[in-house]
Amino acid sequence: MDLCVTIKGVSFLLQTGMGILGNAVVLLVYANIIYTEPKLLPVDMILCHLAFVNLILLLVRSVPQTMTVFGLTDLLNDPGCKVVIYAYRISRALSVCVTCMLSVFQAVTIAPSGPRLSRLKTALPSLVLPIFAGLWLLNMAICIAAPLFSMAPRNGTVPAFTLNLGFCHVDFRDNLSFVINGVALTVRDFAFVALMVGSSGYILLLLHRHSLLVRGMRRSHGGGAETRAAKTVITLVVLYVVFFGIDNTIWIYMLTVAKVSPVVVDMKVFFTSCYASLSPYFIISSNKKVKAKIACAAVQDQPSVDNQESSDK
């Protein structure tokens, strides 16, 4: 096997394995929280849903891509390609939308209360599930064209305006369909990312103002809580701006050429999946509830390991 192919395959394998493991851990932790606590807070519901859609993204996109890189062929037939591509498009879109939703909810939660905002804050828990349903319906409608153009790979050359994903082809047949589809997805992504960046910037502004007000009273503590919250928001914004910025830059380039190189497609897949792979570890490291549950499980597991070692001796 060629060295470049090996490096690419190992990179996809590590990214996919780490991402699936991380998102699965987050989902298992929240399943335990749901079992032991009466109800989830809105932020926890959003984080749980984010881990779920990112897990779907990795399973339907990164797993077949990794198998293709290592030389496996004929993975899917035409109906299989339509299902996989449709599920990938929806999960990728929801990853952006749910993260934007998390940022907006946090901004509303910490914003100074007024008559209208107080009512909105009170209603936030009841709005989570309807917004989830609305986002699913919206993106299912926007991505409806994906299965229409998806098919299993054919023998011979790849036609123009066709995305060769290795395990599937997305054949747009003409330049107009190709561009319309690409522009619709790009506008949707940038709209949600812009809203996320704006709400995150508002959170940073509020935290900065609050830190100035309490600086004198908490000089010795250095405003630890505000600093941690600011770092959380900054990390969230940086993750999205970097990975989705690169992803959409590659996508815009792909819209300008008739035939897209497989290397470019691989790069897009890798950067698209970076956020899905890294976000669970960001959730684990920044969410005290998730971190405490994992630490508790590790402590509970330790005595059984010690007892096993003692019996072996």
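Biologist: At what angle do helix H3 and helix H4 pack?

Modeller: Keep in mind that this is a predicted model. Helix H3 (residues 78-110) packs against helix H4 (residues 115-142) at an angle of about 170°, and their axes are 10 Å apart.

Biologist: How do I turn that angle into words?

Modeller: Angles over 145 degrees count as roughly antiparallel. That makes H3 roughly antiparallel to H4.

Biologist: And which residues make the contact?

Modeller: On the H3 side, they include Tyr-86, Ile-90, Leu-94, Met-101 and Phe-105. On the H4 side, among them are Leu-117, Leu-124, Ile-131, Phe-132 and Trp-136. Sorted by class, the contact of H3 with H4 has 18 nonpolar, two polar and one charged residues.

Biologist: What about the sheet? In what order do its three strands come?

Modeller: The order is S1-S3-S2, in an open sheet with antiparallel pairing. Strand S1 (150-151) and strand S2 (162-164) are at the edges with a single partner strand each, so one side of each has no neighbour in the sheet.

Biologist: How many bridges join S2 to S3?

Modeller: Three bridges join S2 to strand S3 (residues 169-171), and the two run antiparallel. Within this part of the sheet, Leu-163 sits opposite Val-170 in S3.

Biologist: Now a single residue. Is Asp-247 buried or exposed?

Modeller: Buried means under 20% relative accessible area. Asp-247 has 0% relative accessibility, so Asp-247 counts as buried. You'll find Asp-247 in helix H7 (residues 224-255).

Biologist: Which residues does Asp-247 touch?

Modeller: Leaving out residues up to four places away in sequence, Asp-247 touches Arg-92, Lys-268 and Thr-272. With Thr-272 there is a polar contact of 3.0 Å between the side chains.

Biologist: Let's try a loop residue. Where is Ile-144 found?

Modeller: Ile-144 is in the loop between H4 and helix H5 (145-149). Its relative accessibility is 47%, so Ile-144 counts as partly exposed. Also compare sequence with space: Ile-144 and Arg-89 are 55 residues apart in sequence, and 9.2 Å apart from C-alpha to C-alpha.

Biologist: Okay, zooming out: how many helices and strands does the protein have?

Modeller: Nine helices and three strands. Reading from the N terminus, the elements run α-α-α-α-α-β-β-β-α-α-α-α.

Biologist: And what share of the residues is buried?

Modeller: Buried residues make up 42% of the 313 residues. As for contacts, take those between residues at least 6 apart in sequence: 77% of them join residues at least 24 apart.

Note on methods
Residues numbered from 1 in each chain as written. Predicted model: local features only at pLDDT ≥ 70, side-chain atom pairs only at ≥ 80, totals over all residues. Heavy atoms only, no water. Helix = DSSP H or I, 4+ residues; strand = E, 2+ residues; numbered from the N terminus. Buried < 20%, exposed > 50% of the residue type's maximum accessible area, 1.4 Å probe, protein only. Polar contact = N/O pair within 3.5 Å; in protein donor to acceptor, adjacent residues only side chain to side chain. Contact = heavy atoms within 4.5 Å. Axes fitted to C-alpha atoms, helices over the stretch in contact; angles between N-to-C directions. Parallel < 35°, antiparallel > 145°, perpendicular 65-115°, else oblique. Nonpolar A, V, L, I, M, F, W, Y, C, P; charged D, E, K, R; others polar. Pairing = 2+ DSSP bridges.
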